[in-house]
Amino acid sequence: MDNENVTMEPEEKPYVKVELKRMIFHKEEESFSIASVKVLETTEDLKEKELVVKGYFSPLEEGEAYILYGYFETHKKFGEQYVVEGYRRVMPETKDGLITYLSSDLFEGVGKKTARRIVDTLGEGAVSRILSDKKVLDEVPKMSRTIKDKLYQTLQEHQGFEQVMVELTKHGLGLKTIQKIYGAFGDKTLEILEEDPYQFVFTVEGFGFHRADELAKQQDLTDDHPTRIRAGCLYSLHQNLQAGHVYLPLETCILEMEQLLQTSGKETLTYEKLAEEITHLGEEKFVFIEEDRIYLPSLYFAENGFTSQVDRIISEEVEVEFTQADLLKVIGAIEEEETMSYGKEQFEAIETALKQKMMIITGGPGTGKTTVIKGLLHAYSKLMDYSLDPKDYTKDFAFPFVLAAPTGRAAKRMTESTGLPASTIHRLLGWDGHQTFEKNHTNQLEGKLLIIDEFSMVDMWLSNQLFRAIPSDMQVVVVGDEDQLPSVGPGQVLADLLASNVLPSIQLSEVYRQKEGSKIIHLAHAIKNDTCTAEMLTKEKDFNFIQAPDMQLKDVVTDIVAKAHEKSIDLRDIQVLAPMYRTETGIHELNRSLQSRVNPKKKNKREMEWKGNVFRKGDKVIQLVNQPEENVFNGDIGEVVAIFRAEENVDQVEQVVVEFDGKEVTYPKKELGNIMLAYCTSIHKSQGSEFSIVVLPVTYQYNRMLKKNLLYTAVTRAKQSLILCGTPQAFLKGISTKDTNQRFTYLQEKLRKETPVTYDEEEEEDAISPYDFM
Ligand SMILES: Nc1ncnc2c1ncn2[C@@H]1O[C@H](COP(=O)(O)OP(=O)(O)OP(=O)(O)O)[C@@H](O)[C@H]1O
């Protein structure tokens, strides 16, 4: 062949040239394949003529030769395998080979005869001739325009990808990343690599700024290149989402950019230059600039959108009409039915919720939030004569009561306490698991009264999605505990709503459960009110503080759980919570220790090792990401119910099966990163959940994490029993340390109308969600 394209350059690194024997496995969505191949040629020290190869590549085609780059790995069960990191198809080197290639299934409408005519007319260099000038196909007789166009397009796609593969593999990128880049940029990939690799950072999930910087250095892009500075700005803003900021003040943004971009030590990146590029980004709407606040588009729209939605909803009149006498009669009737009487604050909360378009109820544990929600539902139902039975409603008149919470567990608790259906906010909005919500400003929710619990966990972005889906005639009650940790995502919506004073709010402060003698509740309120002392940490029916030095802490925690388990306490009811993953008493170590005691290795008990962790049948595990297609969500807790070997299932890969509340989810081995052991979980992940028994180790090793709102959140997760262990002084120091990490949000001021809010719903549609980057 004369001038085969770029894929024919001499091999520079170790490779194996192979031909397919048989595809063993292929998973479409990720292009993960396993194949048995015949080795044609190799630079590797290999005696075998056959090999099993695996990695992220499209199915190999029969009769085609491929060059694979990778390394050998010895699999415990299957022996030596070649892990493919990069690959390319070798263009057929003979006339017959080329005819076989062109007449393969790849090229629709090209049979053996046409393929022969192509090769006869254009020679053995047919492929490169066609690729460099599509018109040469006109020389081939008896070929329709459609088939010519299709052939050219398919060749381009294939060649394009392989060319991109070869180039990007040279830069050390893995196949999976290359596939993502090619999926986003297609033919333009190599052009972008040369001109502006920083574009990869924002289009390809998981592509970091530093990696783009490396690529750019190889392309001789200077440190002060505008595109580098702009990428640095966007990257800094993205990084700050993780710290919960909704925007960055200009000064902070520039400081962050300087730290990120200043590599050469030369003073080329002046303040003016950085500010100038931020302005350019603003002009092109990659960022939004309000006074000195720099926003990513999605958060700018979320903050302004949410403000306008609140305005819209509260500007409408309340539909429910009743006299004070009606209200007193109805509440009296409920009190009689429930044989209790509402406290003053509780009554006010119900009354306000009925009379106002939107309101907030806050309060610590045991102050009667649930009691008020139940009372409100009954009162509303009696005043409006709405049945509380969903079965009494038809499509034309939807069930008027809509209950939602940010987590599945919190929603489940709402259902248990009210007897009415409740769902997660995501589900209520018909989230597709990626970017789209079925419910939005054009297709709003149905119902009359919306109650959202655990609102402190709802971030800026989800708040906006939820509020734009609320119809103007719906009444809204937001319930939460402002002393808990703020949302994981950006913003502090509940705190800002409260501080803005634009909505009526009732704070429930009287504690009812305490009357039943609960030390847990007493302690929680003492933490909240900064009145907790060492004397309060004494043993009671539902509380204990077991002192233990750091060296023994892990064993003490393990002992407590093991003993409870021996007394037949279900492992799901006892939860160890810790603030950090690493350190001797971190979540990972505690999980290892707990697993070895409560679910030890046994001869006939199956287990699977994965990246240094062991999953064993019977293990308690937690889901770490959202998998809406499987109906499991971040924070769900389940149990390993089966472990399968590759040869035992049709997919031919090792699998772990986990049961979550009656539904089973199967994880192929490489997806085991989606779960982890859950004997001990993080306090952050426990938000929105409650457990019968909470074991909370506290040590100075957790130092920088020991903050009031974190410990308060942990303590309030316990329903029946709270066992603290470790160093009491560390606990007391932690609860007296306020989290001073201020989140940059401007919601409060916007709600108070101290700043004009611009809001364009159509423009908002195009904004990407921050979830794409988290
Ligand atoms: N007015 C009241 N009179 C008597 N008991 C009450 C009253 N209000 C609440 N309680 C009782 O106090 C306990 C706590 O109330 P509830 O569960 O409503 O509080 P909560 O704020 O939702 O608590 P948590 O957040 O801890 O779940 C319950 O047992 C409830 O029956």
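Helices here are DSSP runs of H or I with at least four residues, numbered from the N terminus. With that in hand, let's work through some exercises on this predicted model.

**Exercise 1. Find which helix gives the largest share of the shell around the ligand, and describe that shell by class.**

Step 1. Start with the shell itself: 14 residues surround the ligand. The closest are P365, K369, T370, T371 and Y512.

Step 2. Now look for the helix. Helix α15, residues 369-384, supplies three residues of the shell, which is the largest share.

Step 3. Finally, sort the shell by class. Eight of its residues are polar, four are nonpolar and two are charged.

**Exercise 2. Work out the strand order of the open sheet that contains β6, β7 and β8, and explain which strands stand at its edges.**

Step 1. A reminder to begin: strands of a sheet pair through backbone hydrogen bonds, either parallel or antiparallel.

Step 2. In this open sheet of three strands, the order is β6-β8-β7, and the pairing is antiparallel.

Step 3. β6 (247-249) and β7 (288-290) each have a single partner strand, so they stand at the edges, and one side of each lacks a neighbour in the sheet.

Step 4. Neighbouring strands of the sheet are turned against each other by 25° on average, with direction ignored.

Step 5. Zoom in on one pair. β7 and β8 (residues 293-295) run antiparallel and are joined by three bridges. I289 has I294 in β8 as its bridge partner.

Step 6. Add the helix that packs on this sheet: α10, residues 250-261, touches β6 and β8. The direction of α10 makes about 90° with that of β6.

**Exercise 3. Describe how helices α21 and α22 pack, and name the residues that make the contact.**

Step 1. Locate the helices: α21 covers residues 550-566 and α22 covers residues 587-598.

Step 2. Their axes lie 9 Å apart, at an angle of about 40°. The crossing of α21 and α22 is right-handed.

Step 3. List the contact. From α21 come K554, V557, T558, V561, A562 and H565. From α22 come E589, L590, S593, L594, R597 and V598.

Step 4. Classify the contact: six residues are nonpolar, three polar and three charged.

**Exercise 4. Sketch the protein as a whole: how many helices and strands are there, and what percentage of the residues count as buried?**

Step 1. The protein has 27 helices and 26 strands.

Step 2. Of its 774 residues, 41% count as buried.

Step 3. The C-alpha trace spans about 95 × 65 × 65 Å along its principal axes.

Step 4. Among contacts with a separation of 6 or more, 68% link residues 24 or more positions apart.

Technical notes. Residues numbered from 1 in each chain as written. Predicted model: local features only at pLDDT ≥ 70, side-chain atom pairs only at ≥ 80, totals over all residues. Pairing = 2+ DSSP bridges. Helix = DSSP H or I, 4+ residues; strand = E, 2+ residues; numbered from the N terminus. Axes fitted to C-alpha atoms, helices over the stretch in contact; angles between N-to-C directions. Contact = placed C-beta atoms within 7 Å. Near = placed C-beta within 6 Å. Nonpolar A, V, L, I, M, F, W, Y, C, P; charged D, E, K, R; others polar. Buried ≥ 20, exposed ≤ 12 C-beta atoms within 10 Å, placed from the backbone. Left-handed = near helix turned anticlockwise from the far one by under 90°.
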